[in-house]
Amino acid sequence: MGERVRIEDNRYPSVLSKVDAILSAFTPQRPTMSLSELSRRSGVPKGTAHRLTGQLVAMRLLEHSSDGGLCVGLRFFELGTLWHVAQSVRDASRAHAVHLRNNTRQTVHVGVLDGDQVLYIDKHIGVPLQARLPSKVGARIPAHATALGKALAAFREDWRPAAELPRLTSQTTVLHRQLERELDQIRATQISFDRQESSPGIVCVASPILDFGGAAVASISISGELGVMDPEAHAGAVLTAARAIGMRLQDGLKAS
């Protein structure tokens, strides 16, 4: 990429546009810049650039380099890794998730862990349509309150629950000791349940999708309405699907 041409600040009327201009100023040829150079190359006034870069450093989207300049932060690597994992899992799981939905007639979700939250990366709506399920692809929800999240947390040594667990419903587990007992059970069975913990009237069963070392890279679940779906009855099917997806992911890694 060549030199970025300075564009006057009136081309960037919003804060997000200014942030985009700042981040876009970094190139392989200019991975590190002083604040003055960053202001010049982005077209964002120095005072505004100073304020915004301070906020971006706090969010780890930028960081200070060893020479005192600014460079792209670790958070971009983390987000890129998350995207790569999500894309690989979605590709590997699509056929199995559709098959699971068709066989159970319930809604199937696939999720990955992002901090202390689950990020939904795929959803296949049950038949007939289950309009009550509030989930959507791209949304996040606290991991401790979902079957997807607990299946992930049980098989991730780097997962740490928030100091204060938010309560989404009256059934949500908010005591750390109780949650740890549940995670121990999930480690033994590779099955987790959500009994109206994330949303009133909704139940769910999930299983982790494991890598070579036994760590969860994602999880898959079946969700339905209380009184309509029996989560225990679908535990075997979701576990079988999770293991098949894990094998497919591992085969893909071997091939690459």
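Two strands are taken as paired if DSSP finds at least two bridges between them. On that basis, the predicted model described here has strands that form two open sheets, one of three strands and one of six.

## Confidence and overall make-up

The protein contains seven helices and nine strands, and buried residues make up 46% of its 256 residues. Of the contacts in the protein with a separation of 6 or more, 57% are between residues that lie 24 or more positions apart.

The average pLDDT of the protein is 86, with 88% of the residues scoring at least 70. Among the elements, strand E7 (residues 192–195) has the highest mean pLDDT, at 97, whereas helix H4 (residues 74–104) has the lowest, at 80. Over residues 1–12 the pLDDT is below 50, although this stretch has 26 contacts in the model beyond near neighbours in sequence. Where pLDDT is low, the predicted coordinates should not be read in detail.

## The three-stranded sheet and its helices

The open sheet of three strands has the order E1-E3-E2, with antiparallel pairing. Its edges are strand E1 (32–33) and strand E2 (62–64), each of which has a single partner strand, so that one side of each is left without a neighbour in the sheet. E2 is joined by three bridges to strand E3 (residues 70–72), the two running antiparallel, and His-64 stands opposite Leu-70 in E3. Helix H3 (residues 46–58) packs on this sheet, where it touches E2 and E3, and its direction makes about 95 degrees with that of E2.

Helix H2 (residues 35–42) has as its buried residues Glu-37, Leu-38, Ser-39, Arg-41 and Ser-42. The buried residues of H2 pack against helix H1 (15–24), E1, H3 and E3. Just after H2 comes Gly-43, which takes a positive phi of about 80 degrees.

## The six-stranded sheet and helix H5

The open sheet of six strands follows the order E6-E5-E4-E9-E8-E7, again with antiparallel pairing. Strand E6 (140–142) and E7 stand at its edges with a single partner strand each, so one side of each has no neighbour in the sheet. From one strand to the next, the twist averages 30 degrees.

At the E6 edge, strand E5 (residues 117–124) pairs with E6 in the antiparallel sense over three bridges, and Val-118 stands opposite Ile-141 in E6. Helix H5 (residues 147–154) packs on the sheet and touches strand E4 (107–114), E5, E7, strand E8 (202–210) and E9, with its direction making about 155 degrees with that of E9.

## Side chains to inspect

His-234 lies in the loop between strand E9 (216–225) and helix H7 (235–255). Its relative accessibility is 17%, and because residues under 20% are classed as buried, His-234 counts as buried. Leaving aside neighbours within four places in sequence, His-234 is in contact with Thr-104, Gln-106, Val-205, Ile-222 and Met-229.

Elsewhere, the charged end of Arg-195 sits over the ring of Phe-193, at 4.3 Å from the centre of that ring. With ring centres required to lie within 6.5 Å of each other, the count of aromatic pairs comes to zero.

Terms used:
Residues numbered from 1 in each chain as written. Heavy atoms only, no water. pLDDT = per-residue confidence, 0-100. Helix = DSSP H or I, 4+ residues; strand = E, 2+ residues; numbered from the N terminus. Contact = heavy atoms within 4.5 Å. Buried < 20%, exposed > 50% of the residue type's maximum accessible area, 1.4 Å probe, protein only. Axes fitted to C-alpha atoms, helices over the stretch in contact; angles between N-to-C directions. Phe/Tyr/Trp six-rings, centres within 6.5 Å; stacked < 30°, edge-to-face > 60°. Lys NZ or Arg CZ within 6 Å of the ring centre and 35° of its normal.
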